[in-house]
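User: I should like to learn how to read the sheet and the helices of a protein model. Could you take me through the features in order?

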Amino acid sequence: MSADRVLGRRDDVTAVRGTERAVAALTWALDTRADDPSRAYRVTADGPWGTSEGRGYDLVAALDRVRRALEGAGWLLAVNAARPDVAQSGMLRDSGSTRAYLLREGRRGRREEMVNLFDDAPADAVTTLDAQQAAHRRWLDSL
């Protein structure tokens with residue numbers, strides 16, 4: 001039995017598929033009774049694809065599962081968490097934070113340049129999960 005504590009919700013997220021745009025709803029929650037900590041966080045996306053849900057040990061892991069499912073249908077979510085230049089540190093992930101660093105090649109993330117994972121991002125600034133992970137590896141190599 002789950003006891004979800006809703007951490008946030010947006011009903012106005014832009015979803016992108018090529019030149020097509022749609023409005024989606026995102027909900028992120030913590031299951032306070034999760035038997036398995038690797039599934040404690042839940043993100044749900046409702047849009048033209050129906051409902052997609054992901055669970056994970058933190059918000060990013062849960063959202064990544066949703067993103068992967070949506071990518072299979074060609075959809076990207078236009079939120080900061082889907083930008084190639086945005087990532088959370090391990091400490092932020094462990095804390096359940098919705099904040100993340102805006103990354104610049106050759107330098108560490110700075111607190112004054114943090115963004116919210118679920119805030120809007122320009123549709124042309126978001127990418128697939130694989131491309132984002134490759135960009136993160138390039139950033140790490142640049143340090």
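Analyst: The discussion below covers the sheet, then two helices and a loop residue, in what is a predicted model.

User: How do the strands of a sheet pair, and in what order do the five strands of the open sheet lie here?

Analyst: In general, strands of a sheet pair through backbone hydrogen bonds, in either a parallel or an antiparallel sense. In this model, the open sheet has five strands in the order 4-3-2-1-5, and the pairing is antiparallel. Strand 4 (50–56) and strand 5 (76–77) are the edge strands, each pairing on one side only.

User: How many bridges join strand 1 to strand 2, and what lies between the two strands?

Analyst: Strand 1 and strand 2 run antiparallel and are joined by 11 bridges. One opposed pair is V16 and R21, the latter in strand 2. The two strands form a hairpin with two residues between them, and G18 in the turn has a positive phi of about 65°. Strand 2 is also mostly covered, with nine of its 12 residues buried.

User: Which residues stand opposite each other where strand 2 meets strand 3, and where strand 1 meets strand 5?

Analyst: Strand 2 and strand 3 run antiparallel and share six bridges; there L26 stands opposite A45 in strand 3. Strand 1 (residues 4–17) pairs with strand 5 over two bridges, in the antiparallel sense. At that pairing, A15 stands opposite L77 in strand 5.

User: Where does helix 1 lie, and how many of its residues are buried?

Analyst: Helix 1 (residues 59–72) lies across strands 1, 2, 3, 4 and 5, running at about 145° to strand 4. Its 14 residues reach 20 Å from the first C-alpha to the last, close to the 20 Å expected at 1.5 Å a residue. Of these 14 residues, 10 are buried, so helix 1 is largely enclosed by the rest of the structure. Among the buried residues are L59, L63, V66 and L70, and also the charged-group positions D64, R67 and E71.

User: Which residues of helix 3 are buried, and why do they line one face of the helix?

Analyst: The buried residues of helix 3 (residues 129–142) are L129, Q132, A135 and W139. Seen down the axis of helix 3, they fall within an arc of 120°, so they line one face. The face turned away from that buried side carries the exposed residues R138 and D141. The buried residues pack against helix 1 and strand 6 (86–87).

User: How is the packing of two helices described, and at what angle do the axes of helix 1 and helix 3 cross?

Analyst: Two packed helices are described by the angle between their axes and the distance between the axes. Here the axes of helix 1 and helix 3 come within 10 Å and cross at roughly 130°. That angle makes helix 1 oblique to helix 3. The contact is made by D64, R67, R68 and E71 of helix 1 with L129, D130, Q132 and Q133 of helix 3.

User: Is T127 buried or exposed, and which residues does T127 touch?

Analyst: Burial is judged by relative accessible area, with under 20% counting as buried. T127 has a value of 18% and is therefore buried. T127 lies in the loop between strand 8 (114–116) and helix 3. Leaving aside residues up to four places away in sequence, T127 touches R67, E71, L76, A82, P84 and Q132.

Technical notes
Residues numbered from 1 in each chain as written. Predicted model: local features only at pLDDT ≥ 70, side-chain atom pairs only at ≥ 80, totals over all residues. Heavy atoms only, no water. Pairing = 2+ DSSP bridges. Helix = DSSP H or I, 4+ residues; strand = E, 2+ residues; numbered from the N terminus. Contact = heavy atoms within 4.5 Å. Axes fitted to C-alpha atoms, helices over the stretch in contact; angles between N-to-C directions. Expected span 1.5 Å × (residues − 1). Buried < 20%, exposed > 50% of the residue type's maximum accessible area, 1.4 Å probe, protein only. Arc of directions from axis to C-beta. Parallel < 35°, antiparallel > 145°, perpendicular 65-115°, else oblique.
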